[in-house]
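I opened my notebook today to look around inside a protein. Here is what I looked up, entry by entry.

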Amino acid sequence: MSFKNHDIISPEDFPEDRKMDLTLRPKTLSEFVGQDKLKANLAIFIKAAQQRGEALDHALFHGLHGLGKTTISHIIAREMETPIQVTSGPALEKVGDLAAILTSLEENGILFIDELHRIRRVIEEILYPAMEEYMLDVIVGRGPSAKILRLDLPRFTLIGATTRPSLLSPPLRDRFGFTHQLDFYTVDDIGKIIKRSAAILNIDIDDDAATEIAKRSRFTPRVANRLLKRVRDFVQVKRHKRVTKDLAQKALEMLEIDNAGLNPLDRKIITTVIEKFSGGPVGVKTLAVAVGEGLDTIEEMYEPYLIQVGFLNRTPRGRTATQRAYKHLGHQKGFF
Ligand SMILES: Nc1ncnc2c1ncn2[C@@H]1O[C@H](COP(=O)(O)OP(=O)(O)OP(=O)(O)O)[C@@H](O)[C@H]1O
Ligand SMILES: [Mg+2]
């Protein structure tokens, strides 16, 4: 299967990726690279819950795609030595779908709901008493004779993951005892992830080659793993045995990822702001239309990185290109 550029940063699961995910996904807290504060906090929460023999508090993880929300949720289950049931907001179509899952949970078990912001309101409302009192309200019958039946649920932990926490309703958000935002990783930590993955995949890689890939991985573990695989393919086809810095650079060049980690669409976004909108400010909706991409794609996958590396600014009047962006693209500010 050949990857397009977009695929490297896409949140989509490609069949090839899924296999890789299973082998590369850290299984314990100590294998999970970086996010030290989160790991320290979780270690304490987990130990305390285990000592009391209780379920862990409900936990919410938010952050951009590929930063480790699903990974950390599975690690928690493993560290708690408890089963984890996995579902997602859009998969829960009917009230009965959630009711069936809730009633089948084990005592102290974990329910993981991915894309929590996409849960339907009627289903969300079932979660409130379930999370708070471990109760399930079932309506039996119809019309005036309808009754609410309260069923006891096992004590369980809900772990929610979302890329859009602002879309969660406040009552749902408030029911999580532990909330954590996963942030971009440092280049150093991404370098460690690349070396760890290379060791698992039996790839010989020089330290400076790992750093080179790390610098262009959008501070994101999933992107780093995908780039490592693309570089490995390149090195193998060129009949080399070891990934050197020079080969890594050549492979990344072929993938059209420049030395600031920008791919063609990143560059198109900045060029558009500079050339079509005189450097901005331009509203993000207008910008999305101008580059021919969906608003969500721009907001969730491109803009955060461009802001993080200092090429784009988010102002109340819209997005503006920074001096650094002009310089990177070889433009003179005021020229366009
Ligand atoms: N801290 C980490 N250390 C090592 N590898 C990691 C870490 N975080 C994530 N990864 C790797 O990156 C991949 C992507 O992580 P994960 O699927 O958990 O992201 P996510 O936040 O759930 O993304 P999405 O929002 O798209 O569902 C994982 O398969 C794992 O191999
Ligand atoms: Mg996930």
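**Entry: the largest pocket**

Which helix gives the largest share of the lining of the largest pocket? I keep in mind that this is a predicted model. I looked up the lining and found helix α2, residues 15-24, at the head of the list with six residues. Next I wanted the volume, and I noted about 1100 Å³ of space for the largest pocket. I then asked who stands around that space, and the list came to 50 lining residues. Nearest the centre of the largest pocket I wrote down Pro11, His65, Gly66, Thr70 and Arg222. I also sorted the lining by class: 18 residues are charged, 17 are nonpolar and 15 are polar.

**Entry: the second largest pocket**

I moved on to the second largest pocket, where I noted about 470 Å³ of space. Its lining is made by 20 residues, and those nearest the centre are Leu64, Gln181, Glu299, Pro304 and Arg314. Which helix gives the most to this lining? I found that helix α14, residues 295-308, does, with six residues. By class I counted off seven nonpolar, six polar and seven charged residues in the lining of the second largest pocket.

**Entry: the domains**

How is the protein chain divided into domains? I copied the domain assignment into my notes: domain 1 covers 35-181, domain 2 covers 187-254 and domain 3 covers 264-328. I looked up one spacing here, and the C-alpha centres of domain 2 and domain 3 are 28 Å apart. Then I went back to the second largest pocket with the domains in mind. Domain 1 and domain 3 each give at least three residues to its lining.

**Entry: the cavities**

How many cavities of 30 Å³ or more does a search of the whole structure find? I noted two. The largest cavity has a volume of about 150 Å³. I listed its lining too: there are 16 residues, with Ile9, His65, Arg218, Thr220 and Met301 closest to the centre. I was pleased to meet His65 again, as I had also written it down near the centre of the largest pocket. The elements that give two or more residues to the lining of the largest cavity are α1 (5-9), α10 (221-237) and α14. Among these, α14 gives the most, with four residues. I remembered α14 from the second largest pocket, where it also gives the most to the lining. By class, the lining of the largest cavity has eight nonpolar, four polar and four charged residues.

**Entry: two packed helices**

A reminder to myself: two packed helices are described by the angle between their axes and the distance between the axes. At what angle do helix α3 and helix α4 pack? I noted about 35 degrees for α3 (residues 36-52) and α4 (residues 69-80), with the axes 10 Å apart. The crossing of α3 past α4 is right-handed. I then looked up which residues meet. From α3 come Leu38, Leu42, Ile46, Ala49 and Gln50, and from α4 come Ile72, Ile76, Glu79 and Met80. By class, this contact has seven nonpolar residues, one polar and one charged.

**Entry: the backbone**

Last, I looked for odd spots in the backbone. Which two residues does a cis peptide bond join? I found Gly280 and Pro281, with omega at about 5 degrees. Pro281 sits in the loop between α12 (264-276) and α13 (284-291). That loop between α12 and α13 also holds Ser278, which is not a glycine yet has a positive phi of about 50 degrees. I wrote down Asn108 as well: its phi is positive, near 65 degrees, and it is a residue other than glycine. I found Asn108 in the loop between α5 (95-103) and β3 (110-114).

Conventions. Residues are numbered from 1 along each chain as its sequence is written. Chains are lettered from A and ligands numbered from 1 in the order in which they are written. This is a predicted model: local features need pLDDT of at least 70, side-chain atom pairs count only at pLDDT 80 or more; totals for chains, interfaces and linings use all residues. Side-chain values use heavy atoms; hydrogens and water are left out. On a 1 Å grid over the protein atoms alone, a cavity is a set of points where a 1.4 Å probe fits but cannot get out, and a pocket is an open set with protein on both sides within 12 Å along at least five of seven lines; lining residues have an atom within 4 Å of a point. Grid points are joined across faces, edges and corners, and a volume is the space filled by probe spheres set on the points. Ala, Val, Leu, Ile, Met, Phe, Trp, Tyr, Cys and Pro count as nonpolar, Asp, Glu, Lys and Arg as charged, and the others, Gly among them, as polar. Domain bounds come from an automatic or database domain assignment. Axes are lines fitted to C-alpha atoms, for helices over the stretch in contact, and angles run from 0 to 180 degrees between N-to-C directions. A crossing is left-handed if the near helix is turned anticlockwise from the far one by less than a right angle, and right-handed if clockwise. Contact means heavy atoms within 4.5 Å.
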